[in-house]
Amino acid sequence: MSSEEFEKLQEIFKSLYDELKLMPDRLLKCQGEEKKRLVRTFDERHGEAVEVLQGMEQELIGVPSSYRNTMSTKLRLYRRDLGKLQREVKSSDLSSTFSTRPAEGAYGIYSSQNEHSTQLQSQRALLLQGHEHLNNASQSIERSQRIAAETDQIGVDIIEELGEQREQLDRTRDRLANTGENLSRSRKILRAMSRRLMTNKLLLSVIILMELAILGAVVYLKFFRK
């Protein structure tokens, strides 16, 4: 992302520099208030170019060393050219104090330069707007990445919680299976006890009937048989 930012700022600097390098010649052809206005414009554009170079220098942080060396070389060249241009403007400002009015053909040149300067300003405004849109897009991407990371973490937490609940359900199912087996054994034991109880009742009934028969036979033999 830093290399893209550096290239955007580089385009903005080039646009500013193209506008600034026209001003020394224009200073030689103007006087009075127009010259003062042009000097103020140069100072403003020069300040903007310095800020752009500072932004480019900030973009050097965190980039690979191989690419950083190339960027640093470009920055040194840009600073050198900007300083040279500033010295030329100061020299042109001093020399134009003693210059005469420009020739008649100079007005056509000045108009052409002014039109070119306007075009450069429009291009610079478009570049600045594009740089702002790029920053907004970068911030939107960062926010989306943070939201995606938070969503992933929530998903991981839900999966872990579901895994724990599955383990609990497996343990509950195992306990239910064990309980079912215990109930089956208990039913078998109860059935066995029920059969034994019925058998015991039948045996007891047979014994009672046999005793009654014996008792009846004894009574009959003792009292009724002579």
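**Close-up views of a helical model**

**View 1. Glu-48 and its partner in helix α3.**
At a relative accessibility of 27%, Glu-48 counts as partly exposed. The model in which Glu-48 is viewed here is a predicted one. Arg-45 forms a salt bridge with Glu-48, and the closest N and O atoms of the pair are 4.0 Å apart. Both residues belong to helix α3 (residues 32-58), where they are 3 residues apart, about one turn of the helix. Arg-45 counts as buried, because its relative accessibility of 10% falls under the 20% limit for that class. Glu-48, at 27%, is partly exposed, since this class lies between the 20% and 50% limits.

**View 2. A network of salt bridges that includes Arg-45 and Glu-48.**
Glu-19, Glu-44, Arg-45 and Glu-48 are linked in this network. The pair Arg-45 and Glu-48, with its closest N and O atoms 4.0 Å apart, is one of the salt bridges in the model. The total count of salt bridges comes to 8.

**View 3. The salt bridge between Arg-79 and Glu-57.**
The closest N and O atoms of Arg-79 and Glu-57 are 2.9 Å apart. Arg-79 lies in helix α4 (residues 65-96) and Glu-57 in helix α3, so the salt bridge ties together parts that are 22 residues apart in sequence. Arg-79 is partly exposed, with a relative accessibility of 37%. Glu-57 is also partly exposed, with a relative accessible area of 42%.

**View 4. The salt bridge between Asp-18 and Lys-21.**
Here the closest N and O atoms are 3.5 Å apart. Asp-18 has a relative accessibility of 27% and counts as partly exposed. Lys-21, at 42%, counts as partly exposed as well.

**View 5. The surroundings of Glu-5 in helix α1.**
Glu-5 is found in helix α1, which spans residues 2-20. The residue is buried, with a relative accessible area of 7%, because a value under 20% places a residue in that class. Leaving aside residues up to four places away in sequence, Glu-5 touches Glu-59, His-131, Leu-134, Asn-135 and Ser-138. Gly-55 is 50 residues from Glu-5 along the chain, and the C-alpha atoms of the two are separated by 9.0 Å.

**View 6. The span of residues 202-223.**
The UniProt record, an unreviewed entry, lists residues 202-223 as "transmembrane region". In the predicted model this span is 100% helix and 0% strand. The C-alpha atoms at its two ends lie 31 Å apart.

**View 7. The whole protein, for orientation of the close-ups.**
The protein has 5 helices and 0 strands. Read along the sequence, the elements follow the pattern α-α-α-α-α. Of the 226 residues, 20% are buried, Glu-5 and Arg-45 among them. Among contacts with a separation of 6 or more, 84% are between residues 24 or more positions apart. The protein exposes about 16800 Å², and carbon and sulfur atoms supply 57% of this area.

How values were computed: Residues numbered from 1 in each chain as written. Predicted model: local features only at pLDDT ≥ 70, side-chain atom pairs only at ≥ 80, totals over all residues. Heavy atoms only, no water. Helix = DSSP H or I, 4+ residues; strand = E, 2+ residues; numbered from the N terminus. Buried < 20%, exposed > 50% of the residue type's maximum accessible area, 1.4 Å probe, protein only. Contact = heavy atoms within 4.5 Å. Areas by Shrake-Rupley, 256 points an atom, 1.4 Å probe, with all protein chains shown as cover. UniProt positions renumbered as here; feature names shortened; annotations may be inferred. Salt bridge = Lys/Arg side-chain N within 4 Å of Asp/Glu carboxyl O.
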